[in-house]
Amino acid sequence: MISDAPVLQQTTEPAESAAPSRLSRYAGPTLGLLLPLTLALGWELVVWSGWSNGRLVPPPSRLFATVVDLARSGELFRHIAATLWRVGLGFAFGVVAGTLLGAISGYWSLARRLLDPTVQALRAIPSLAWVPLFILWLGIFETSKIALIAVGVFFPVYLGVMGAILIVDRKIVEVGRTFRLSGPDMIRRILLPAVLPAYVVSLRVGLGLGWMFVVAAELIGASEGLGYLLLDGQQLGKPAQILAAIVIFAILGKLTDWLIEIAAAPFLRWQDAFGRTTGA
């Protein structure tokens, strides 16, 4: 009887610890919604009490009504689909180019000396400065819009990959050389795991810039998209439509960022990081 007690205690501990882990899994998103919902409710009360007329900054109820009207007419889904398509294609092209050039520049010092100064100079060019050039080269149709988004995604991915390779611990590389790993094996077993956390961060930053650049891209003669919805609301004096488009941008940006986090999580389970142990 005495010897059975510790066994029973050990078998019940995982079940007891599973419940807090499930709670902590859902507590993060819930806490993240607390601040925007509080601000929205606060502004709704301010307008409802008459302290503001809500003309320039409409309350959430008016924004919701605007979104419902756009959804009923079918415009909302058409604009969202067009923007998602452009961001998706531009993100894909930017990630491929940034990953390849970043890996080459980080792994090969001669390529870094040749490429990196030019890339860093181009990175300083504002996004709107590319607009007239892409219109001249590629026209006002989809190609120029996707190219502009790809430019915005390219630079953070390039910097993230190159910087992550350059800061790989030399001792780890020496261990790989001691075990006489070939070039592909060195990349697969040593460099790739060391680079992956920073690469995921660069993808998230690149995606954020892609959402920023899509607004500039949709100013290039677009007739659909959330950027066009913004411009249309500004020209027609519809602040509710402008803010509704901004809120939709924020929601879509967060959802796509969350998808990258979910997709990368299985590849980063080996990390013994501060945020994983403390919930930071």
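Reader: How many salt bridges does the count come to?
Author: This is a predicted model. A pair counts when a side-chain nitrogen of Lys or Arg lies within 4 Å of a carboxyl oxygen of Asp or Glu. By this rule the count comes to seven.

Reader: Which helices hold Glu261 and Arg204, the pair that ties together parts 57 residues apart in sequence?
Author: Glu261 forms a salt bridge with Arg204, with the closest N and O atoms 3.7 Å apart. Glu261 is partly exposed, at 34% relative accessibility. Arg204 is partly exposed too, at 31%. Glu261 lies in helix H10, and Arg204 in helix H8.

Reader: Is Asp257 buried or exposed?
Author: Asp257 forms a salt bridge with Lys254, the closest N and O atoms being 3.8 Å apart. Both lie in helix H10, three residues apart, about one turn of the helix. The cut-off for buried is under 20% relative accessible area. Asp257 has 13%, so Asp257 is buried.

Reader: Which residues are linked in a network of salt bridges?
Author: Lys254 forms a salt bridge with Asp257. Lys254 also forms one with Glu261, at 4.0 Å between the closest N and O atoms. Glu261 in turn pairs with Arg204. The linked residues are Arg204, Lys254, Asp257 and Glu261.

Reader: Which helix gives the most to the largest nonpolar core?
Author: That core has 49 residues, and Leu148 and Tyr199 have the most contacts inside it. Helices H3, H5, H6, H8, H9 and H10 each supply at least two of its residues. The top contributor, with 14 residues, is H8.

Reader: Which residues is Tyr199 in contact with, leaving aside neighbours within four places in sequence?
Author: Tyr199 is one of the two residues with the most contacts inside the core. Beyond those sequence neighbours, its contacts are Val95, Thr99, Val157 and Val161.

Notes. Residues are numbered from 1 along each chain as its sequence is written. This is a predicted model: local features need pLDDT of at least 70, side-chain atom pairs count only at pLDDT 80 or more; totals for chains, interfaces and linings use all residues. Side-chain values use heavy atoms; hydrogens and water are left out. A nonpolar core is a set of buried Ala, Val, Leu, Ile, Met, Phe, Trp, Tyr and Cys residues joined through side-chain atoms within 4.5 Å. Buried means under 20% relative accessible area, exposed over 50%, partly exposed in between (1.4 Å probe, protein chains only). Helices (H or I, at least four residues) and strands (E, at least two) are DSSP runs, numbered from the N terminus. Contact means heavy atoms within 4.5 Å.
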